[in-house]
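Here is a friendly walk through one structure, from a pair of helices to a sheet and a few unusual backbone spots. Keep the picture beside you as you read.

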Amino acid sequence: MDTVFAYRQGTTFLHKGLHPFTKMVVFLVIVILSGLWLDIRYLLPLLILGFVLAYIAKAPAKLFLFIVFALALTWFPTVRSTIAQARPEYFKVLDPEWASTGIVTINVPFLGLERLGLTYGSLYWLAGRICRFATVVTWAIVFLYTTPISDIANTLYALKVPPSIVFVVQITYKFIPYMASIINQIQDAQKLRGWHLRTMNLIKVFKRSLPLANPLMRRTAMIVEQVTIATQVRGFGSGKVTPLRDLTLSLLDKLVIILFVGGLIFAFIAMALWKVGMI
Amino acid sequence: MKSIEAKEFSFRYLHQSEEEKALSNLSFEVEEASVVGIIGRAGAGKSTLVKSLNGLVPKVDLGYQEGDMIVDGLNTRQYDVNQLARHVGIVLQNPEVQIFSLTVRDDVAFGPANLGLPREEIYQRVAEAISAAELEHLVDRNPNDISGGEQQCLAIAGILAMQPKIMAFDEPVSMLDPLGKQRVMNILKQVTRRSGTTSITTESGADIEAVAEVVDRIIAIDQGKLLIDGDPATVLQDDRIQQIGVGRPQVTELFLQLRKRGIEFERIPITLSDAEKLISNKLRQLGVKRLMRPPDFQLQKVNHFGPPIVEVENVHHFYNPQVHALKGVSFDIPEGQIVGIIGQNGSGKTTLARHLVGLLKPTNKDSVLKVKGIDIKKLRLDKIIRMINYVFQNPDDQLFAETIWDEIAFAPRMLDLPEEEVKRLTEEAMKVFDLEPYKGRYIFGLDEDLKTYLSISCILPLRPDVLLIDEPTTGLDEQGEVKMMQSLRNLRDQMGKTIVIITHNMKTVGNHCDRVLVMSKGNLILDGTPREVFANEEKLLEADILPPQITRLGQVLSKEFGCPKDILTIEEMVEVLDYSIKNSRNGA
């Protein structure tokens, strides 16, 4: 079974043309910018650029279902935060009067909540939040789809990141599909014994989770033991690790890094001086 | 020079008492550049012994050690595991947990890079190890995309690149298909011969023939104690080997049985090639021109099976547009038949089994999947599992309850049956594999054979008419395998079940199945009785399958002596040789 965000061999410019370090820097800049900005007017170009790069990298469209899936999973905190944006003083850039124009609002005279509901401003905030999330996921797909984890690991080693941290990244990535297949296997094995979770009784739900939880814990413990042994016999932890690749950047890599890091610095300044990216 | 010295070495895990040590007072020495097989039933202490060679026992798997283990001149007490890793490499049973990187090349480099070697030396070692493990064509591939045999070769290459003086293999071929086993064992042999490395390999019985081909010494252990130590031919002839359930290569057993019939050879062989040479010489000496079955030899007990209980027609399955896992598979299984499904790893066996129990649906609309005449594609899983059910290979995937009784009672309880009915069905299921004496036993720490019996028993209360069992004999010694297959036969004979097993064990198929389906790359390429299937050498090679050793002996003897190519059992070969030799002596 494959991981959702798995590297696939390819011959595109994004696969072959840039050093993994450059791609890491670019991805990091995008994550910071997406965290910094909330204004959809700035986030949307990043998202569109992400989509264009994903198209160039030939990333399958189904990967983007993850955005919908993750948004669906986080609907509750999203809705809660959205309806809490109804007060005019929350908006620094948008016209407070326009932003607080209510679509559906109520006054809550306790717990300091005051005004809750949907306003033009809260919808604008919601659009920014969705766009921020979609941007990070899209660029993550581009990065992970075009960069082998072994290249990422080697770059981290070359950057003198402690081997134990690099190995955790590597091993987590490697064992996600393996563990996922084991979970599926356990679930299927129990389904064949008539197991199901179809009940509204919470005590039964708890009891019925044991047929999955117990074998999973046992298998996980076995795998952890075997992986520990396998890493020890391969000399892991014996000292300095030799990175297998150099951190030698091409002119193009350097230009891309300068462009993105420069852009990030400019974004910080613009935000501090002119509130660019805020709403 | 001594490569390994065990000096009154004992070990017990933290949970074990003084009386139940995992290893007890072992003393032996291993010469440099030798290949030693450590044999013994599951739980005899083989893996613990392997782990003691590089200090994993007691430093990672904690416990109490007495005596000393000296490897490559170093006392394991005085060094850490990762220091000993430069001297002793270990290859585990499951290749998947030993592979960490995303390309074959990077994975081989993982060990030398951890040792902090200069990059040029790493590249050189990687190239040498990849060449020794015959993985040149796979260097840039993702290890997840290569076969199980290739993954195990990769694990070996990863250890080779660290250039240890000693390599230990813990049942390295038990999870592989027959050609994968052969490939791994050949590499083990070549590496030892070429680099002068000392190799230790463990085996519980199912692959004793593969091990016998490569070792020059065998140490048999039982309950943590050294039982026999000597050259392979002597050890494998010893009756104690049979008693501890490991079993002998089929050719060794054949020659011992021929001896009982008064047919003596200059020695008892342990490998196929030696057996062929000895028999050919003998036959030439005696002037035997042709090997044939006695006229009164009954080829096969005629079984009468019922109407088709499973009907499969034109089943396709795509996991994604690139992976066409089943390519129009069609067959019927009549009621009461014992069917073996064989094929290399990734051939589509498990995908097929998952379709038969409704865990997967065909991706084409014009397929037929019927059990007892009912289209199961449209049926809910809780209905299907009462007609046909599937036991996965690893019992640890399903066992969760406290006791054996609770585990078996789980399925009828999930059906919300009255407690009286649950009790009745549970008791009935326990009787099939004689589990009543163990009904209060805790699941944790059960022996491998009990776990396998239990995992099958767990679905019996659902009363399925067809049982699909994935690798029912894995982890069992020879006696355990025979007992398991006899129990399955009883299920068929006494309860009318139809049995389908998925296996890599060709002896099991040859001895116990009525019919064999051979899968290769998503296609059903052979379908027939074991005799018909195993006689088709060309097609079997296409599926990376090697017939049982005794069948292969018949096939090599067929070239000069016209021996039947479809011999399935040792007893049959004894009859053929005995009859043909006596016949020639009588001047016929």
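In this predicted model, helix 9 of chain A passes helix 10 of chain A in a right-handed crossing. Helix 9 covers residues 163–191 and helix 10 covers residues 202–233; their axes come within 10 Å and cross at roughly 145 degrees. Which residues meet here? On the side of helix 9 of chain A, they include A:Phe167, A:Ile171, A:Phe175 and A:Tyr178, while the residues from helix 10 of chain A include A:Pro211, A:Leu212, A:Arg219 and A:Ile223. The residues of this contact between helix 9 and helix 10 of chain A divide into 14 nonpolar, four polar and one charged.

Now step back to the whole of chain A. It has eleven helices and two strands. Along the sequence, six helices are followed by the two strands, and then by five more helices, in the pattern α-α-α-α-α-α-β-β-α-α-α-α-α. The C-alpha trace of chain A spans about 65 × 65 × 35 Å along its principal axes. Its radius of gyration is 24 Å, whereas a compact globule of 279 residues would have one near 19 Å. Of the 279 residues in chain A, 46% are buried. Among contacts in chain A with a separation of 6 or more, 74% join residues 24 or more positions apart.

Chain B offers a sheet to explore. It is an open sheet of six strands with mixed pairing, in the order 16-17-18-13-19-20. Why do strand 16 and strand 20 of chain B each have one side without a neighbour in the sheet? They stand at the edges and each has a single partner strand, so that side is left free of a neighbour. Direction ignored, neighbouring strands of this sheet are turned by 20 degrees against each other on average.

Two of the strand pairings can be set side by side.

| Strands of chain B | Bridges and direction | A facing pair |
|---|---|---|
| Strand 16 (residues 388–391) and strand 17 (residues 466–470) | Four bridges, parallel | B:Tyr390 and B:Leu468 |
| Strand 13 (residues 338–343) and strand 18 (residues 498–502) | Four bridges, parallel | B:Ile341 and B:Ile502 |

Helix 18 of chain B, residues 478–495, packs on the sheet and touches strand 13, strand 17 and strand 18 of chain B. The direction of helix 18 makes about 150 degrees with that of strand 18 of chain B.

Look again at strand 16 of chain B: are its residues buried or exposed? B:Ile388 and B:Tyr390 point one way, B:Asn389 and B:Val391 point the other way, and all are buried.

Finally, a few backbone details in chain B. The peptide bond from B:Val57 to B:Pro58 is cis, with omega near 10 degrees, and B:Pro58 lies in helix 2 of chain B, residues 56–59. B:Gln163 is not a glycine, yet its phi is positive, near 50 degrees. This residue, B:Gln163, is found in the loop between helix 6 and strand 7 of chain B. Because its relative accessibility is 41%, B:Gln163 counts as partly exposed. B:Lys521 also has a positive phi, of about 50 degrees, although it is not a glycine. B:Lys521 lies in the loop between strand 19 and strand 20 of chain B, and with a relative accessible area of 56%, B:Lys521 is exposed.

Note on methods
Residues numbered from 1 in each chain as written. Chains lettered and ligands numbered in written order. Predicted model: local features only at pLDDT ≥ 70, side-chain atom pairs only at ≥ 80, totals over all residues. Heavy atoms only, no water. Axes fitted to C-alpha atoms, helices over the stretch in contact; angles between N-to-C directions. Left-handed = near helix turned anticlockwise from the far one by under 90°. Contact = heavy atoms within 4.5 Å. Nonpolar A, V, L, I, M, F, W, Y, C, P; charged D, E, K, R; others polar. Buried < 20%, exposed > 50% of the residue type's maximum accessible area, 1.4 Å probe, protein only. Pairing = 2+ DSSP bridges. Rg over C-alpha atoms; globule rule 2.2 N^0.38 Å.
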